[in-house]
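User: I should like to learn how the features of a protein model are read, one at a time. Please give the general idea first and then the case at hand.

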Amino acid sequence: MSPRRLTRVSLWCGVVGPPLFILVFLVDGATRAGYDPTYHPVSALSLGPRGWIQITNFVLTGLLLVGFAVGLRRALRPGRADLWGPLAVGVFGLGLLLSGVFVMDPAHGYPPGAPLDGIATSLPGVLHDNLGIVVFVSVPVACFVLARRSAGRPTGRGWVGYDLLTGLAGLALFGTFGTAWEADHPSTGLIQRLMIAVDWVWITVLALRLLALVPPGNLDCSRQAGPPSDAKLSKSRHRRSSWAAPNRGAVGPGDA
């Protein structure tokens, strides 16, 4: 597999993973007896006889996002944020994966008969709660890191606002969700789903932004296609002026 193709495959993990995660928990939550999607958190779907569905969802999505972090590193290198951006996304993916390994304790009446409070008492439950903090903080961190990188490039300035707003919204929603969880608010699940949508969609949009700048095909395809035209050379120079290190399948620091 060529370096460019490997980069594209890794970036596609970021396109597929977040929508798949959301689709699975929406369908599973809508068809669970005793489960209220507007009240119960997504992690509660890991409990009960069908808990394996959400556990698999956590693990599979986590693996896909770790793969995306590898593609992000390859696409952004070398340049500002080529370490901390992929690292934050990698921590996000690893946190999701481990959230499937360490399942939350039964709480807030789910599964039916579970305690009504939300206090974790088992070791897996405590670990799951702390992994949730890692997951929902790592995405805003990635947003801020990538916004700083985009701000330094003329072709990326249009994305700075979206990156910053997503990071701020993610942190605000995380704080709101924590308050709602402690207060046993009836809309706790809805708040969490809004937070997930904001964070996860940003990951997919980031992956699509980078894919648009890593054309498919092998790096040596120009040898087979003959000499490029003046228009293609001009377009190529424009991209390379904003995106560095094409020899590794990277696209550089421009629009991300």
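User: Is threonine 61 buried or exposed, and why?

Analyst: In this predicted model, the label follows from the relative accessible area, and a residue under 20% counts as buried. Threonine 61 has a relative accessible area of 0%, and therefore it is buried. This threonine is found in helix 2, which covers residues 51-76.

User: What does the side chain of threonine 61 reach, and at what distance?

Analyst: Its partner is the backbone oxygen of asparagine 57, reached at 2.8 Å. When the neighbours within four places in sequence are left aside, threonine 61 is in contact with Gly17, Phe21 and Leu96.

User: How many salt bridges are there?

Analyst: A salt bridge requires a side-chain nitrogen of Lys or Arg within 4 Å of a carboxyl oxygen of Asp or Glu. By this rule the count comes to 4. One of them joins aspartate 28 to arginine 32, with the closest N and O atoms 3.1 Å apart. Both aspartate 28 and arginine 32 are buried.

User: Which residues are linked with Asp28 in a network of salt bridges?

Analyst: The network of salt bridges links Asp28 with Arg32 and Arg50.

User: Why do aspartate 82 and arginine 73 receive their labels of burial or exposure?

Analyst: These two residues form a salt bridge in which the closest N and O atoms are 3.6 Å apart. The labels rest on relative accessibility, with buried meaning under 20% and exposed over 50%. Aspartate 82 counts as buried because its relative accessibility is 14%. Arginine 73 stands at 29% and so counts as partly exposed.

User: Which parts does the salt bridge between arginine 209 and aspartate 163 tie together?

Analyst: The side chains of arginine 209 and aspartate 163 meet with a distance of 3.1 Å from N to O. Arginine 209 lies in helix 6 and aspartate 163 in helix 5, so the pair ties together parts that are 46 residues apart in sequence. Arginine 209 counts as buried because its relative accessibility is 7%, and aspartate 163 is buried with a relative accessible area of 0%.

User: What is the volume of the second largest pocket, and which residues are the closest to its centre?

Analyst: A pocket is an open set of grid points, whereas a cavity is a set from which the probe cannot get out. The volume of the second largest pocket is about 570 Å³. Its lining has 28 residues, and the closest to the centre are Asp129, Gly132, Phe177, Trp181 and Gln192.

User: Which helices supply the lining of the second largest pocket?

Analyst: At least two lining residues come from each of helix 3 (84-101), helix 4 (123-151), helix 5 (157-183) and helix 6 (188-211). Helix 4 gives the largest share, 7 residues. By residue type, the lining of this pocket divides into 16 nonpolar, 10 polar and 2 charged.

User: How many cavities of 30 Å³ or more does the structure hold, and which residues line the largest cavity?

Analyst: The structure holds 1 cavity of 30 Å³ or more. About 40 Å³ of space lies in the largest cavity. Its lining is made up of Met104, Asp105, Ala107, Gly118, Ile119, Ala120, Gly125, Asp129 and Trp181. These residues divide into 5 nonpolar, 2 polar and 2 charged. Asp129 and Trp181 line this cavity and are also among the residues closest to the centre of the second largest pocket.

Note on methods: Residues are numbered from 1 along each chain as its sequence is written. This is a predicted model: local features need pLDDT of at least 70, side-chain atom pairs count only at pLDDT 80 or more; totals for chains, interfaces and linings use all residues. Side-chain values use heavy atoms; hydrogens and water are left out. On a 1 Å grid over the protein atoms alone, a cavity is a set of points where a 1.4 Å probe fits but cannot get out, and a pocket is an open set with protein on both sides within 12 Å along at least five of seven lines; lining residues have an atom within 4 Å of a point. Grid points are joined across faces, edges and corners, and a volume is the space filled by probe spheres set on the points. Helices (H or I, at least four residues) and strands (E, at least two) are DSSP runs, numbered from the N terminus. Ala, Val, Leu, Ile, Met, Phe, Trp, Tyr, Cys and Pro count as nonpolar, Asp, Glu, Lys and Arg as charged, and the others, Gly among them, as polar. Buried means under 20% relative accessible area, exposed over 50%, partly exposed in between (1.4 Å probe, protein chains only). A polar contact is a pair of N or O atoms within 3.5 Å; within protein, one must be able to donate a hydrogen and the other to accept it, and residues adjacent in sequence count only if both atoms are side-chain atoms. Contact means heavy atoms within 4.5 Å.
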